[in-house]
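Me: Please take a close look at a single part of this model, the metal site, and then set it in its surroundings.

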There are 6 protein chains.
Amino acid sequence: MFSHLKDLQFEAKPDGPDAAFARRLQEILGGKWGEMTVANQYLYQGWNCRLPGKYKDLFLDVGTEEMGHVEMIATMITRLLENAPLSLQEAAAEENPMVGAIYGGANPAHFIHGGGGALPVDSVGVPWNGSYITASGNLMADFYLNVAAEAQGRLQVARLFNMTDDPGVKQLLRFLLARDTMHQNIWLAAIEQLKEDGLEEMPVPEAFPDSGELTEEFGYTYLDFSPGTDASEGRWAAGPTPDGKGEFRYDNSPRAHAPEPVLPPGDPRLYGTEP
Amino acid sequence: MFSHLKDLQFEAKPDGPDAAFARRLQEILGGKWGEMTVANQYLYQGWNCRLPGKYKDLFLDVGTEEMGHVEMIATMITRLLENAPLSLQEAAAEENPMVGAIYGGANPAHFIHGGGGALPVDSVGVPWNGSYITASGNLMADFYLNVAAEAQGRLQVARLFNMTDDPGVKQLLRFLLARDTMHQNIWLAAIEQLKEDGLEEMPVPEAFPDSGELTEEFGYTYLDFSPGTDASEGRWAAGPTPDGKGEFRYDNSPRAHAPEPVLPPGDPRLYGTEP
Amino acid sequence: MFSHLKDLQFEAKPDGPDAAFARRLQEILGGKWGEMTVANQYLYQGWNCRLPGKYKDLFLDVGTEEMGHVEMIATMITRLLENAPLSLQEAAAEENPMVGAIYGGANPAHFIHGGGGALPVDSVGVPWNGSYITASGNLMADFYLNVAAEAQGRLQVARLFNMTDDPGVKQLLRFLLARDTMHQNIWLAAIEQLKEDGLEEMPVPEAFPDSGELTEEFGYTYLDFSPGTDASEGRWAAGPTPDGKGEFRYDNSPRAHAPEPVLPPGDPRLYGTEP
Amino acid sequence: MFSHLKDLQFEAKPDGPDAAFARRLQEILGGKWGEMTVANQYLYQGWNCRLPGKYKDLFLDVGTEEMGHVEMIATMITRLLENAPLSLQEAAAEENPMVGAIYGGANPAHFIHGGGGALPVDSVGVPWNGSYITASGNLMADFYLNVAAEAQGRLQVARLFNMTDDPGVKQLLRFLLARDTMHQNIWLAAIEQLKEDGLEEMPVPEAFPDSGELTEEFGYTYLDFSPGTDASEGRWAAGPTPDGKGEFRYDNSPRAHAPEPVLPPGDPRLYGTEP
Amino acid sequence: MFSHLKDLQFEAKPDGPDAAFARRLQEILGGKWGEMTVANQYLYQGWNCRLPGKYKDLFLDVGTEEMGHVEMIATMITRLLENAPLSLQEAAAEENPMVGAIYGGANPAHFIHGGGGALPVDSVGVPWNGSYITASGNLMADFYLNVAAEAQGRLQVARLFNMTDDPGVKQLLRFLLARDTMHQNIWLAAIEQLKEDGLEEMPVPEAFPDSGELTEEFGYTYLDFSPGTDASEGRWAAGPTPDGKGEFRYDNSPRAHAPEPVLPPGDPRLYGTEP
Amino acid sequence: MFSHLKDLQFEAKPDGPDAAFARRLQEILGGKWGEMTVANQYLYQGWNCRLPGKYKDLFLDVGTEEMGHVEMIATMITRLLENAPLSLQEAAAEENPMVGAIYGGANPAHFIHGGGGALPVDSVGVPWNGSYITASGNLMADFYLNVAAEAQGRLQVARLFNMTDDPGVKQLLRFLLARDTMHQNIWLAAIEQLKEDGLEEMPVPEAFPDSGELTEEFGYTYLDFSPGTDASEGRWAAGPTPDGKGEFRYDNSPRAHAPEPVLPPGDPRLYGTEP
Ligand SMILES: [Ca+2]
Ligand SMILES: [Ca+2]
Ligand SMILES: [Ca+2]
Ligand SMILES: [Ca+2]
Ligand SMILES: [Ca+2]
Ligand SMILES: [Ca+2]
């Protein structure tokens, strides 16, 4: 069960409106790596978590915080949408050459559909969807995904930081960057904790019995599918594997292990073309 | 530029058909974490990679291999679709009680749309789409995502391994499990290599100048948004942060830092309800 | 069965082209609340309607009219797309500063995919899809949805009216506004008619037997999930409920009625992390 | 800003597992009219609301409650997924004829992707997306939509009530039915309140100046686009209009008001076929 | 402008209900190659057509007929949904083993969302969307697409014909097969007519000036990207090209014409990993 | 199994960057008729092909080549994205009026999500998805679709050719135009080959036994659903049908063959409104 505090987690007023930047800011609200994604991902991971105690709480705490980030960014976008040029004629009437760029660079649905408010969409305008999130039940797999989500998220916030001069917006982005720093650290720490607790190792799922001879032949060999040997110079081609269970090998001319497949004739009731 | 060898990378014949399992196997072909995702993700990461040499090759080698995995699984699915019951009447005519379950558990589009062939969809039947992949240009962010992709992928293959008794199918899954083991190791090794080469650290992007006082206050503090202190027992609430740059703190009653937001009246030409 | 008249329902010629407004006008053609939505929604409601006579006809009449609105707006968009700047170079060659804004504000798919014709997409360019419509079989539920659809639709047309100076376009929008006025009235009248005919009341579905003590405790109580009592000042916190069956109550500190959920360990064959 | 209570709003344990019903229950979690929709719709309506005080709180209170409903249903689904047959062979091994129906009727992604946990998808398995929600800024339009959302939602819960015999599930559905009763009443009361406060009337947007002669001719006339006069028997064909501003008229042979459109030749650089 | 006749184009009553077949029949209603696709495709092609007279009429006539096919199939599906088992318990209670298969093979949204009525979705349950249709403005390109659409459509109807024993359903499918035969012929005839009228030839767009030396080297050469020469045995490797403008050549070892691409370092403000 | 050559099939360097054109060029990379579509379509057609030898090879050769086209266009887009204006302020600071148009006309996700690299999306920014491709198993149906795909594809490339002045880009487009010319010819030749080999004729599927009297009445008759007889002037209204099996007829007033449908009352447990 949730409750809501009317105040915001952090101060978030822009110095001035900018409808074109509002469209861009949508990426970290409703984009693949935006706040709706992390909020929903962590909440679903928490609801589906079978370990009561610190792990379940971890997911639900961070997920609940992210709901507050959704709120802050939605509020910021709504403020950035003020005073936008609604028509080409209005844009042209202004002396400021930026107005035309704002008109072209804005998302028209912000006005026609949203009435000047934020939308659950990305910087293009494509709606957020549930396939963006994963809650697999395997905590190691999900912790790595969460590290990746926060890394991609912080990367996008950092890029947006360079796309505006507005001090108020920049201050909000600084706050989000700081929290993304923390969240990357949280999920990395959770990976360590999971190992310490003896619950999962690499590769995921660790519990799967090995594939016997196939592991020997295919489980630690780098297959180079192009001419040249540049790829042999990396850490992935020689030395111990990071999971501590094998030794990398390098194969510069991977071979096929099965002949060209010949399919049986299909069911004639499906009217496919058959031999 | 690519070329194609008619042979397959690994032997892939089922002992018998099973249209219901064919639908399930689609998850690792056209699902969010399936072979189409990793193939396209690594190829786009390679095409967009600005570092010539071992990193660019790494992406393109593994991506090219995954195209061959797409091919093997598509071929397997087509073989599993043979001799499926097309109608309820046909299903009922069989004495075998499994035939009704196959009928109900199959994807009808396999027959009506695909004519008995594999489709670029997941186990539900939802088409694969480009939002499943990310090529951000930042290799550390993408390597963590690739570890996650291979972990989720291997997890799904391991689950499917438990969903069939067919020895031929199991052998193909063993091969894929072995390669996913290798690929998890590859991307973990690539993270190490990137650090060794001095190209990126945590948090991503490392190059972003810190957020000053905000980092101090918000960059290393665990915010617990629910009653109780279970979450304080994890690695994420005390001790050094995994990025080596801070010390975790724990805050059991996070406070709001901004008052309730009051929006300005909107543009009257948008006909929103205003104060 | 349908037939088609070559003439249009209303005169619809723009005074001049405007590719950027054409993109915006797509919202009421292929957007969530556009003409494709209402046309298909009413037709499906009619085809699925189990009441022969006035109700079935109502759906099919209005749905058939909306097909004609789709036609008019598609034609208008095609006309607005004439003479658009195709390249940056062409846009820059014009002395008119609006041309750059048109170039940036247009939907490139109108030209590359549609060859200068209307598309079944919204103002962003996202394709119309079948999830926009609902035909539930319960007429009261659907009539309220239809009121909402016409209200959202008229709102969007009114906003677009303020986004252009073109007299011909404004005349078409005036016509659509008038018909949306009528359609809002139609569905409100249909709600009245349904009640008069004794077919359905509020809440929907009225026929569902009440939930006993749960109704008593939960069916008429406003739960205020945030600090403060602003919400208690509304019509929804005291007095008789609009369905005439209860009395509003107000609860400023809603409590949880179930302990923290603890999930059982999952199936080990799924390799989730378990206690 | 949000906080989370570990307890649930209402008791929600099934008496036994049923993976096929779990798939169906997803409709009210991640379907078009499910809890994710109402939670997000009301929260966005609240965040974008320009009226401080009771209206803004109303949206945020109800939205926050709906987040708790998402949590309860997700938890229920996870519990219903226990002990499901993973393979056809396993299904066939059971003597119980229901096991085959469960196998066929389940969503395989629940196991392969979700590891036995709830997903943000509908009863088919299609992911929830942001186009399901609308926050238009016009409160009358949105209140009618909210009535419709709660009516469709309660209708679906009532149908699901008839699709299971499990007493624990039925008890949860009773609770949701009671809250949906309240929520229908809330939004109907909000419509009354909005009128009392003089903020908006029908048709929406009321503030739009009428369309002059077009309103006279098209704003109150029922156009019957099919043979026969059944439609003339409804409340929508005669008498005062529900908005109190006109009188219904009925036209049995609507005429076209514009000739067949003839489009200009297009831009030859687009290679369309031209006269 | 359209009008609607209450009667159907063809008799369409099933002898009995079958909810599992109803789900399958959705493919030709709301699937990629279903009636919603052809109806909308031809209507948009007609609305965007710049040639008044026989071509524009052709599109609009056939599109209008397809609207009537949508209606017939929607009606059929609604009839097939009668008396379906709603719950597992109900399915198990029947002695008929087919009931479990119907339960598993049905689309639950037909009941929960649609209330027993047809939906604008395909046989999986994925909603129809506007990207299924194309109206390019180039009639030759669109006529070939229309031939393909009718061929895929007729193929699917023929497959469905083999998926049911119901004489009433089979009779409807026979009617649709007959019309699809006609429609394939129509679009093939339209290709001939277009050539006769001198409006377009192959390749499309014929008006594009040739690519000079590139045409010579690349415009008529079959590139074989795999070992072996099987592909050289086809009509596409030797002899005159079907467009009458060239002579096929065959190249068994296509070479690359550009070196490995080396990208410039990116904008440092985007924080990509750079050399 | 695939292998990758580091070199590109054709030289592809732009003379200068243009982020707005990069967005447009995405249409032929990740749009409905772009290279990702043809690559995947031909590969799936090949993998599902039941005819070993020249037909299977044909699909896989051309599909493999298209993978190389995906690579070239992705590389070109990445190069075109260099030096784009990231912010409104930056755009305004330039004296060049084109910079504002580039800012408005660019896809912000290219920078925020893709870090300056190509994305698997179309010119609007909508992700590519698997429903764009069809591999039906019937070669005649698929060959016609492939002709259509290449015709639509070449049309789009020809339009893009007119949307840029960059000689390097134009040279790449010339190459693609030449290959599309070849590919149109290939699939037309494949249609001829299939007929020569006696494998399939028109209409598709030719093997379906005719519909008896229904074919007589409905299989060759043009139904004109609008007033006037313009449509009778086409090749489709008289003379032999292109499949060589009938004679066109023309019916200017098609009649309904079934009365208005009256649906049975539905299942009361679904709470639809019933008579
Ligand atoms: Ca965050
Ligand atoms: Ca793989
Ligand atoms: Ca309308
Ligand atoms: Ca609720
Ligand atoms: Ca048809
Ligand atoms: Ca190509």
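Reply: Along the sequence, the donor residues of the calcium ion (ligand 1) follow the spacing E-x30-E-x2-H. A:E35 belongs to helix α3 (residues 35–47) of chain A and A:E66 to helix α4 (residues 54–80) of chain A, so this pair ties together parts that are 31 residues apart in sequence. Helices here are DSSP runs of H or I with at least four residues, strands are runs of E with at least two, and both are numbered from the N terminus. This is a predicted model, in which local features need pLDDT of at least 70 and side-chain atom pairs count only at pLDDT 80 or more, while totals for chains, interfaces and linings use all residues. Residues are numbered from 1 along each chain as its sequence is written, chains are lettered from A and ligands numbered from 1 in the order in which they are written, and side-chain values use heavy atoms, with hydrogens and water left out.

The protein donors of ligand 1 are A:E35 (OE), listed twice, A:E66 (OE) and A:H69 (ND1), at 2.1 to 2.7 Å from the ion. A donor is an N, O or S atom within 2.8 Å of the metal (3.2 Å for Na, K and Ca); water is not among the atoms, so sites may look incomplete. Both A:E35 and A:E66 are buried, that is, under 20% relative accessible area, where over 50% is exposed and values in between are partly exposed (1.4 Å probe, protein chains only).

A site in chain F can be set beside this one. The calcium ion (ligand 6) is coordinated by F:E35 (OE), given twice, F:E66 (OE) and F:H69 (ND1), at 2.2 to 2.7 Å, and the spacing of its donor residues is E-x30-E-x2-H. Here F:E35 in helix α3 (residues 35–47) of chain F and F:E66 in helix α4 (residues 54–80) of chain F link distant parts of the chain, 31 residues apart. F:E35 is buried with a relative accessible area of 6%, and F:E66 is buried with 0%.

As for the setting of the first site, chain A is divided into domain 1 (19–196) and domain 2 (213–251), with bounds from an automatic or database domain assignment. The C-alpha centres of these two domains lie 37 Å apart.

Chain A also meets chain B: 105 residues of chain B are in contact (heavy atoms within 4.5 Å) with 105 residues of chain A. About 9400 Å² is buried between the two chains, 64% of it on carbon and sulfur atoms; buried area is the accessible area (1.4 Å probe) that two parts lose on being put together, summed over both. On the chain B side, B:D61, B:F208 and B:W236 lose the most area to chain A, together 7% of what that side buries.

Four salt bridges join chain B and chain A, each a side-chain nitrogen of Lys or Arg within 4 Å of a carboxyl oxygen of Asp or Glu. In one salt bridge, the side chains of B:R235 and A:E192 meet at 2.8 Å, N to O. Among the elements that each supply at least two residues of the side of chain B touching chain A are α4 (54–80), α8 (139–161) and α9 (167–196) of chain B. The largest share of that side, 17 residues, comes from α9(B).

Chain F, which holds the second site described, touches chain D through nine residues of chain F and eight residues of chain D. That interface buries about 820 Å², 55% of it on carbon and sulfur atoms, and has zero salt bridges.
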